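The following report describes the strands, helices and backbone details of one protein chain. Please read it alongside the coordinates.

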Amino acid sequence: MNVNKINEYPKYWAECYGTSPFLPTSRKEMEALGWDSCDIIIVTGDAYVDHPSFGMAVIGRLLESQGFRVGIIAQPDWNNKDAFMQLGKPNLFFGITAGNMDSMINRYTADRKLRHDDAYTPNNEGGKRPDRAVLVYSQRCREAYKETPIVLGGIEASLRRLAHYDYWSDKVRRSVLFDAKGDILLFGNAERALVEVAHRLADGEDIANLTNIAGTAVILKEIPAGYKEIDSSRIEKPGKAMPMPNPYATEETCSTNQKENAQPAAAQPVQIQPSRHDATSTVVRLPSYEKLRNDRILYAHASRVMHLETNPYSARALVQTHGDRELWINRPPIPLSTEEMDFVFGLPYARVPHPCYGKAKIPAYDMIKTSVNIMRGCFGGCSFCSITEHEGRIIQNRSKESILNELEEIRDKVPGFTGTISDLGGPTANMYRLGCSDPRAEANCRRPSCIFPEICKKLDTDHKHTIDLYRKARQVKGIKKIMIASGVRYDLAIESPEYIRELVTHHVGGYLKIAPEHTEKGTLDLMMKPGMGTYDRFKALFEKYSKEAGKKQYLIPYFISAHPGSTDEDMLNLALWLKKNEFQCDQVQNFYPSPMCNATAMYHSETNPLKRVKYKKREDLFVAKGERQRRLHKALLRYHDPANWPLLREALINMGKKHLIGDAPHCLIPHEGSDAELTQADRRKSGRHSAKRFATKHPNQPDIRKDGQRGNRGANGQNNKGGKPGSRNGTSASGRSTPANGNKPASGKPGANKAGSKPGQRPAKASNGGQRQGGKPQRTRQR
């Protein structure tokens, strides 16, 4: 498929102004550069940090490389239009983004409680962006300059491009393009679409005519001529002859669920058939917004159909009626080549916050300033994660040379660099240069995951490129230590034991976080995660190679509570597993229904969209809803916290599990009035009342910060000799990785489920949850 490379467009005339030290944020800065106006103005909900982990910097520098004059309006006062006029009227368009995170996830916890901090704001100050920032910013830009085109992008717009279930209002909302009254929406990382939009507008085209760009969504009065429509606006009835092809169909030729060939081994190779429909002239009609608003089962059906149209090489356009207009979702964009990825990450970033912030600390920047993003995308397909919906399933890789050059830039540019790289990863640590070994199969494949329910036979799982990268990175002059803070996909890692050896020997700071997410097969299947047997195999290899390296290192698993399909019994079994394995979770994450991911469709519909959706004889799911039910599931993960014992006692009695209350080894919690409920101060009879804290680690493990010597611990395993309880070198209290430079995760408070992430996980990626809720910039999954 022929596409224009983003680094080969003819430059716009304003390239004569050259490169700016920082993109201007004020008229004074524009005048210093000799500008009379901006061609494009980016409005963002984040503070302006000129670093490739921040969306506004990537987009701004990319547009600058095309010859455009780009200004930044960061975290404007949204109460009136004045702040949106400070750079004047843009010549081409306003680019609107809520920032590296969805504004609702940024502002509210999984319990819908308002947060009072914001890792993307100077001094971690909360309240600097509005709810539904894309809508508010777009409205103010329209008020400021009515005729100026508005281009929506970023994680918030990307995951709300279709009619979607909104957790905070508990209803299905329209596509954000309608509510924001934008002209065009770019989804995904969007570099390719953005460059084409900018150049076509600069060439004088009307934005209303930009309807056919891959990776964009637009509003039309009717579908374009020449398209064949597949009607998937209703749930097909079993046994009824279908006038249209089955929208649920997948390509049998690359499914590991079916035998590749029923003939003997000597048979001819499998012939990969072309896609069932011409993707360039076929559109799939989804149920209308009006129908989805009142039919939760139909919503699950729509979600399933949408998730099957994510392959950029064979996906078809989608159309969805909103009132009397059509929402047209073009095919996903073709992934960037390695050459293009190198171009994007090689742009002249200052790698520091804009000088206007002075000495103010921006926690998200402090966390990622010494980390390197080596790839994009994820083929894991976890149902609670929306990386695939945002970044795509095909991995986009940087070259080793580009990555090594960035390490040298960090060494030379980052103030106070001590020689430690806090991360060398991406959405996952170990998908670098992995992918389908058969390009023809990859072009037709419609599987949502390459590794579930088992690893596809066509998937290349050789970690040789990652191993070689690690070894070369350690040789860069001035680099003393490289930590791997991105999550390791351990079901892939066990396919390459040499990678595990390399990881534990050189790149683990004592604790390594991994994510089983649950222990029960039913829930794990709904999560599209491997069983605990895979975890056990990884753990055995981890311990083996740690011992060979002469290091005391520990795995820190983390889990999700209240995931759709996880019953009270499932959560109890998980709690018993934690106790049996002597894990105590200081911070835990309740499932957060973020837009577009499969698990959110499960939460809203209470049925399973991973299978064919039916009105009758469907697979209904138990879903923990309501404050009390969700609080119980969270409490089961923190079974060791006395504050949860009254709730757990009541629940265990109601479940007929009273035998798990007591002091016996098999019991989960003690009887009421037990000595275990006394604080250490009570036991000493000192009259002092200190709160108990629990670490996400084995209570009997040594504190590796003290050369393997255990500090004095109370009965709860808390280290009483210095240091923050639950805080360890290399991990946060919740088992999330903490950068080796000592910077805390954005959600350092117990119970503060930061940025929609698992507590303690890094801020989210510039491009959600694709991010996995929260997480380090450009490392996000969203739950």
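In which loop is Pro453 found? Pro453 is found in the loop between α14 (439–444) and β19 (459–460), and the peptide bond that leads to Pro453 from Phe452 is cis, with omega near 5°. A second backbone detail concerns Arg112, a residue other than glycine with a positive phi, near 65°; Arg112 lies in the loop between α3 (103–107) and α4 (133–144). Both details can be set against a general expectation: most residues other than glycine have a negative phi, and most peptide bonds are trans.

**Confidence of the model**

This is a predicted model, and its pLDDT averages 85 over the chain, with 81% of the residues scoring at least 70. Over residues 238–245 the pLDDT is below 50, and this stretch has 8 contacts in the model beyond near neighbours in sequence. Residues 686–695 also have a pLDDT that stays under 50, although the model gives this segment 32 contacts beyond four places in sequence. Where pLDDT is low, the predicted coordinates should not be read in detail.

**Sheets**

Strands of a sheet pair through backbone hydrogen bonds, either parallel or antiparallel. One open sheet has 10 strands with mixed pairing, in the order β2-β1-β3-β4-β7-β8-β12-β11-β10-β9. Its edge strands are β2 (70–74) and β9 (228–231), each of which pairs on one side only. On average, and with direction ignored, neighbouring strands of this sheet are turned by 25° against each other. Helix α2 (residues 55–65) packs on the sheet, where it touches β1 (40–44) and β2, and the direction of α2 makes about 175° with that of β1. Within the same sheet order, which places β8 beside β12, strand β8 (residues 216–220) and strand β12 (residues 325–329) pair in the antiparallel sense over 4 bridges; Leu220 has Glu326 in β12 as its bridge partner.

Another open sheet consists of 3 strands in the order β21-β22-β23, and its pairing is parallel. Here the edge strands are β21 (511–517) and β23 (589–590), each pairing on one side only. Strand β22 (residues 554–561) pairs with β21 in the parallel sense over 5 bridges, and Leu512 stands opposite Leu555 in β22.

**Helix packing**

Two packed helices are described by the angle between their axes and the distance between the axes. Three helix pairs are set out below in these terms.

| Helix pair | Distance between axes | Angle |
|---|---|---|
| α13 (residues 400–413) and α15 (residues 464–474) | within 11 Å | roughly 30° |
| α20 (residues 568–580) and α22 (residues 627–637) | within 8 Å | roughly 20° |
| α22 and α23 (residues 645–654) | 10 Å | about 105° |

The axes of α13 and α15 cross at roughly 30°, and because angles under 35 degrees count as roughly parallel, α13 is roughly parallel to α15. The crossing of this pair is right-handed. On the α13 side the contact involves Lys400, Ile403, Leu404 and Leu407, which meet His465, Asp468, Leu469, Lys472 and Ala473 in α15. By class, the contact has 5 nonpolar, 1 polar and 3 charged residues.

For α20 and α22 the axes cross at roughly 20°, which means that α20 is roughly parallel to α22, and α20 passes α22 in a left-handed crossing. Asp568, Met571, Leu572, Leu574, Ala575 and Leu578 in α20 meet Gln629, Leu632, His633, Leu636 and Leu637 in α22. The residues of this contact divide into 8 nonpolar, 2 polar and 1 charged.

Helix α22 also packs against α23, at an angle of about 105°, and the two helices are therefore roughly perpendicular to each other. From α22, this contact is made by Arg628, Arg631, Leu632, Ala635 and Leu636, and from α23 by Leu647, Leu648, Glu650 and Ala651. Its residues are 6 nonpolar, no polar and 3 charged. Leu632 and Leu636 of α22 are thus named both in the contact with α20 and in the contact with α23.

Conventions:
Residues are numbered from 1 along each chain as its sequence is written. This is a predicted model: local features need pLDDT of at least 70, side-chain atom pairs count only at pLDDT 80 or more; totals for chains, interfaces and linings use all residues. Side-chain values use heavy atoms; hydrogens and water are left out. Axes are lines fitted to C-alpha atoms, for helices over the stretch in contact, and angles run from 0 to 180 degrees between N-to-C directions. Angles under 35 degrees count as roughly parallel, over 145 as roughly antiparallel, 65 to 115 as roughly perpendicular and the rest as oblique. A crossing is left-handed if the near helix is turned anticlockwise from the far one by less than a right angle, and right-handed if clockwise. Contact means heavy atoms within 4.5 Å. Ala, Val, Leu, Ile, Met, Phe, Trp, Tyr, Cys and Pro count as nonpolar, Asp, Glu, Lys and Arg as charged, and the others, Gly among them, as polar. Two strands pair if DSSP finds at least two bridges between them. pLDDT is the predictor's confidence in each residue, from 0 to 100.
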